[in-house]
Amino acid sequence: MGPGLDLVGASAMSARLALMIDLERCIGCRSCEAACKLEHGLGPGERRNKVLWLEGETAAEVGAGAGTGAGTEQGAPPLTFLPVMCQHCARPACLRACPVRPAAISKDSETGVVTVDTDRCTGCGECVAACPYGAMGFDPVGRHAVKCDLCAERRAEGRITACAEVCPGRAIELGPRDDLAARARAGGREIRDHDGFALDPATLYLEPRAGLGTHEPAVSRESPATGDMRTAASPYGQPRAARRPDSTHRGLCPICFASCAVDYHLKDGRLVAVTGARDDPLTEGRICPKSQFLVQMHNDPGRLSTPMKRIGARGEGRFAPISWERALDEIAAKLLEIRDRHGPEALAIYFGTRTGILTIRGYTLLFAEGWGTPNVEGTEPLCATAKTAAYKLVQGSCLIPNTYREDDVGAASLHLIIGDNMAETRPVLFGRLNDWRLRRGARMVVVDPRRSVTAARADQWLAIRPGTDMALGLAMCHEILGHDLHDAAFCAARIEGWEAWRDFILARGYDADWAGPVTGLAPDAIRALAREVAAADGCMIWSMRGTTQHSNAVQTNRVLMFLAAITGNWARPGGGYFNATAVPELTPRLPDRLRRAPARPMIAQNPVGWSAAMEKGTPYPLRALICGSDPLTMWPGQEEARRAFEALDLVVHFDLYRNATSELADYLLPAATGIEKGGLNRVADDRRLGWNDRLIDPPGEARADGWFWIELARRVGLAEALPESLKDPAAMWDRMVADSPDLAGLDSAALRAAPTRWKRFPEGRAGPEGLADPGGRFPTPSGKLEFYTEALEKRLGAVGLSALPEYYGEIAQPGDGPVLERLTDMAGTGEELSPFRAKPTLLSPARLRPDNPEGRRLRAAGFDTLLVTGRANAPHFHSWTHHFWQAREMWPDLYLQLHPDMAARIGVEDGAPVTVETASGSLTARAWISRGIRPDTVFLPIGWSHDAAGAPRTAGHLIDPRQRDPVADQANLKSTLCRLRAGRQGNTP
Amino acid sequence: MRLKPLTSPPAATSKPGSAVRFREPWEPSVAALRAMGLLAIGGGGVALAVAAGPWLAPGRPLTYALGWAAALAMLVPPAFALAKRSGRARRPRAWFALHAWAGALAVPLAALHAGGGTALLPLALLALLGLVSAQGVALRLVAGPALARRMGSRAEAFSPPDPARRAALAGLAADKRALLARIGPGAEEAQFAPAPRHWRAHPVAMLRYRRLARLESRLLRRPGAPLATRPRRWHIALATLLLGGLAAHVVTVSLFAGYAAGDGPVTWPHLAEWGRGWTWWGLAP
């Protein structure tokens, strides 16, 4: 069940054991903490290890003004992470402090491992107080000392420690101390001297290049508000014997799109542990904390377990239990009534990716097609439709060519990461990539308004102004094309319209001197970066939501794709543009006789654009919503969304937990998830697919999404469209795959048969070059990567853009334009349809304008700071992880990251409340004062909701839902003008 | 393993994950600790009120018996302290629980024993008993989470060492090793913790050793930081004072029964009636 440890032999046992922690590799994800608690059954507040986030106190200023950005190599303050656990000192102060005789703490004479006998410990705390490293834990409920014993039980079985096994960053090793030290020195690494107390600690820390920070932000410490000792779900706190699994099953983590391979360990039909799948060729047993939190989720007494019906006024939060039969009958009757009165299009369906691909690309689509509504969508327009659209425009498909393999992305000599905090959003994949990079000696440059964890591990950090990545891309292309640094052969053979692009960009003067003031970066830094990309023997350009959640996102992504392509970095080992995730063509269709064509087009691709239709009936009324996930936490434009939900005739909410959306629901239905229902949950980053069997019962009466849709379909006359047989997830997947050329051959049997339960699509083509057809053609009309064609010009012209990307920024940018002006409010109103959608969808016209009156108006009103929102730290994924107690324990409070200069300006202290206000609303968060962010920018994580974490308002309250990309309807979540003030306020907009 | 079919509406509700058990059943839970607090303070108060009635006058056989019960309960904590330090406690955690319950129980017993008496010194002793009991409960409730929060609280300890402090600590360790050669030949300084037998055999050397250990402890702490277990030390100090008071009280009512009875008769078993008519600085017994 874990990697072997050659320590059981007599000779090895004589060695002093130690952990060696590479501070250069640690990414602060706290997976080691989760693994430790899971392994040892520790509850809230009870720790054997803890990862400290440490920042430097002083360093060069970053970003604006000097415009240099400041990478670690340029003397920026370090952001480092320090895993703290028992140091297993040769002279353990804890042992000497213990008043019990024989002492409750002992030291093994051979291995040097210091252990506490909790049966003898009386909980006096003397040992905790005596440890100068603060490395002794204490069980605040059982009231005894707890400490790391290097996983004695695992070592007895020849296994390494749980922390070392899961560490996504590959930062922790267990072994004989002398061997580890010798190996570190042989590798040229410096071992940190931290023996300030003459105790001779065993743990080895390898120095990070930028040095170790000294200041721990208040928000990374535990909050007094967390750690309710009574809410932890089993199997925490249960004896080891009660947690020993009786069966183990391979599967995938369903939480995020990294889709890490895991082993589910069951006992008596209950999930007792989740560990990484060691034989998985990509993850090799590494998992992040989220996967381990699945144990909490599947055992959580707080899960919804009974269908409920609203009994008070909407929003009053009063519900009464109802049977499934009756709930479904009533919902069906109401739906039929609404269809009779307003037409089938009056039903809207919204289910987030949490519910799984079978739901969002299967059951809901088939139901909607049979019912006759076009208004069905998932979270994609909030997440990443822009990159999907850009990929399709450039290469004809959103199948990302590259994959996570050492001979593919691992072969790059340069990683340029723009707007992708991979180390926190996909810790395991970043750890894998960083390992390849460090071993190969490849450089990593991160472009991001804040020094994310990814940036902290990079060779260079460029602190770009939010929303200006397109300008950076344009200037880099200008530098490369202007100096003939491009890959001429690749351009000639594989790119359509690259000359037009070159002429356009040179004529426009989009050079580094132009881009410098726009981006806040030094022109020389832009030029140097461009030349580095051009000269690299394989450059991977990584991007993610930082470039994708903007109103200029499609054009930004196209420009960055152009940058990759003109340097020959496309579909080659070690070279490419990677903006996750790959999206296969997957739209199951009903037979014509079962299909009911909508009489009216989809109102907007982005569901936030449905608000006016719900509230005011324009362009036509939406009267019913069936939804999963938590739109009333996550959607931008919360005020509009709440008014819209309140105006509906029927709101059905089908989810795991009662949350903000539930409060406005008429019916609250308990959902099964992950291994409670089985099936295929996610399409992973790089075209991986994997299968989970159904392994455990859901809580109470919770049901799978598929069951719900089929039962509902039967009651509204769609039994033939969604037959009973499709309740089997395998049958549903096979039905979906049958309609998808991208997924041919990857039916449920194939996925189940794969050794680690995942395969890549297209089947049999794993490498980057494998995506093109035998003639090297891309699936575009020209067979080449398309920069400029007349057809493209016409399509993009329909939304006020052009095939040759012209720079425009967000309203939030400083200066006076150019910006995009939407010509309608929340959604399209006319008859014109989007040329970018296969499904008829109202076009929301826009045009570029040279000035920025809205930005001027807001700045004049004092909104002079840039607000960036984004994913929280590694233990969290949007809103649902906030229901997991250990995720709350790790990052308890909604925070606002701001620069010390900004903090000084408004007079706020680290950890104190700070109020952030935009034209849309306001909220209060705790201040995280950090030099790792531009002075003109603040960062607010998403996902904290009022019900889960005590945040009365969410990031969604601050964001204008109208600022959306005209091609992909992608919401701008990354660049909003705001103003700050110290202290709390009434949280009213 | 057989899973419930999910193809039809469920007939019955199964329970979600069970709640957690973090401790042994006999260990005081948070609720039990609160009960102890209630017993000590509330029970003590009620007992005082009850005892003020005519049925429990000081010196009656029942109050006398209650006094012995209270005294025995008050002796459990020092027994616990000795047992765990002498190596005679096979189950130190059970001893701990016993000392906590006994300490809490002693308060109402002692209050009843007071029998509505108004003598200042015994009442002061009773108040001290209540204080020590309440302090113990509060310590257990508050100190646990506080101690848990100390994990990972000393990032500065991983900074480059202060050579002077390291040298001082190394010197102290050397001095301790030299002393240990006399106190416990063969003992390893790194793991040595004094036991009563060391004190009996080498009291002077042990005093010196303790001084060195305290110096070391001070140097291991964050400069200027108070000892984290100071409240516990106060608890022990007050409990020791209480024990002394108890001993003084027993001696007084046994040998100086005349003083304790004041102007009245001695109605309880005693050894001598010395001290009748005595006052301490004008205070009646």
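# Exercises: helix crossings, sheets and contacts

The crossing of helix 20 and helix 21 of chain A is right-handed. The model used throughout is predicted.

## Exercise 1. Helix 20 and helix 21 of chain A

Task: At roughly what angle do the axes of helix 20 and helix 21 of chain A cross, and which residues meet?

Solution.
- Step 1. Locate the helices. Helix 20 of chain A covers residues 512-519, and helix 21 of chain A covers residues 523-535.
- Step 2. Take the axes. They come within 8 Å and cross at roughly 115°.
- Step 3. List the contact. Helix 20 of chain A brings A:Ala512, A:Asp513, A:Ala515 and A:Gly516. Helix 21 of chain A brings A:Pro523, A:Ile526 and A:Arg527.
- Step 4. Sort by class. This contact has four nonpolar, one polar and two charged residues.

## Exercise 2. Helix 13 and helix 23 of chain A

Task: How is helix 13 of chain A oriented to helix 23 of chain A, and what classes of residue make up the contact?

Solution.
- Step 1. Read the geometry. Helix 13 (residues 385-395) and helix 23 (residues 553-566) of chain A have axes 8 Å apart, at an angle of about 50°.
- Step 2. Classify the angle. Helix 13 of chain A is therefore oblique to helix 23 of chain A.
- Step 3. Add the hand. Helix 13 of chain A passes helix 23 of chain A in a right-handed crossing.
- Step 4. Name the residues. A:Ala386, A:Lys387, A:Ala389, A:Ala390, A:Leu393 and A:Val394 come from helix 13 of chain A. A:Ala553, A:Val554, A:Asn557, A:Arg558 and A:Met561 come from helix 23 of chain A.
- Step 5. Sort them. Eight are nonpolar, one is polar and two are charged.

## Exercise 3. Helix 3 and helix 4 of chain B

Task: Are helix 3 and helix 4 of chain B roughly parallel or roughly antiparallel?

Solution.
- Step 1. Get the angle. The axes of helix 3 (residues 92-114) and helix 4 (residues 120-148) of chain B come within 9 Å and cross at roughly 155°.
- Step 2. Apply the cut-off. Angles over 145 degrees count as roughly antiparallel. Helix 3 and helix 4 of chain B are therefore roughly antiparallel to each other.
- Step 3. Add the hand. The crossing is left-handed.
- Step 4. Inspect the contact. Helix 3 of chain B offers residues including B:Ala100, B:Gly103, B:Ala104 and B:Val107. Helix 4 of chain B offers residues including B:Pro122, B:Leu123, B:Leu126 and B:Gly130.
- Step 5. Sort the contact. It holds 12 nonpolar residues, four polar and no charged.

## Exercise 4. An open sheet and a barrel

Task: Which strands stand at the edges of the seven-stranded open sheet of chain A, and in what order do the six barrel strands run?

Solution.
- Step 1. Write the open order. It is 14-13-25-24-23-15-16 in chain A, with mixed pairing.
- Step 2. Read the ends. Strand 14 (319-321) and strand 16 (376-377) of chain A have a single partner strand each, so one side of each lacks a neighbour in the sheet.
- Step 3. Check one pair. Strand 15 (residues 347-350) and strand 23 (residues 624-627) of chain A run parallel, joined by four bridges. A:Tyr350 has A:Cys627 of strand 23 as its bridge partner.
- Step 4. Turn to the barrel. Six strands of chain A close in the order 31-35-32-34-33-36, again with mixed pairing. Neighbouring strands there are turned by 45° against each other on average, direction ignored.
- Step 5. Check a barrel pair. Strand 32 (residues 895-898) and strand 34 (residues 922-929) of chain A pair in the parallel sense over four bridges. A:Gln897 stands opposite A:Trp928 of strand 34.

## Exercise 5. Domains and chains

Task: How many residues does each domain give to the contact of domain 2 with domain 3 of chain A, and how many does each chain give to the contact of chain A with chain B?

Solution.
- Step 1. Set the bounds. Chain A is divided into domain 1 (10-232), domain 2 (308-383 + 585-741), domain 3 (385-575 + 781-807) and domain 4 (855-982).
- Step 2. Take the separation. The C-alpha centres of domain 2 and domain 3 of chain A lie 36 Å apart.
- Step 3. Read the contact. Domain 2 of chain A gives seven residues and domain 3 of chain A gives nine. The domain 2 side has two nonpolar, one polar and four charged residues.
- Step 4. Move to chain B. Its domain 1 is 30-144 + 228-261 and its domain 2 is 163-220. Their centres are 35 Å apart.
- Step 5. Read the chain contact. Chain A gives 76 residues and chain B gives 60. Helix 4 of chain A gives the most to the chain A side, with four residues. That side has 34 nonpolar, 18 polar and 24 charged residues.

Notes
Residues are numbered from 1 along each chain as its sequence is written. Chains are lettered from A and ligands numbered from 1 in the order in which they are written. This is a predicted model: local features need pLDDT of at least 70, side-chain atom pairs count only at pLDDT 80 or more; totals for chains, interfaces and linings use all residues. Domain bounds come from an automatic or database domain assignment. Two residues are in contact if their C-beta atoms, placed from the backbone, lie within 7 Å. Helices (H or I, at least four residues) and strands (E, at least two) are DSSP runs, numbered from the N terminus. Ala, Val, Leu, Ile, Met, Phe, Trp, Tyr, Cys and Pro count as nonpolar, Asp, Glu, Lys and Arg as charged, and the others, Gly among them, as polar. Axes are lines fitted to C-alpha atoms, for helices over the stretch in contact, and angles run from 0 to 180 degrees between N-to-C directions. Angles under 35 degrees count as roughly parallel, over 145 as roughly antiparallel, 65 to 115 as roughly perpendicular and the rest as oblique. A crossing is left-handed if the near helix is turned anticlockwise from the far one by less than a right angle, and right-handed if clockwise. Two strands pair if DSSP finds at least two bridges between them.
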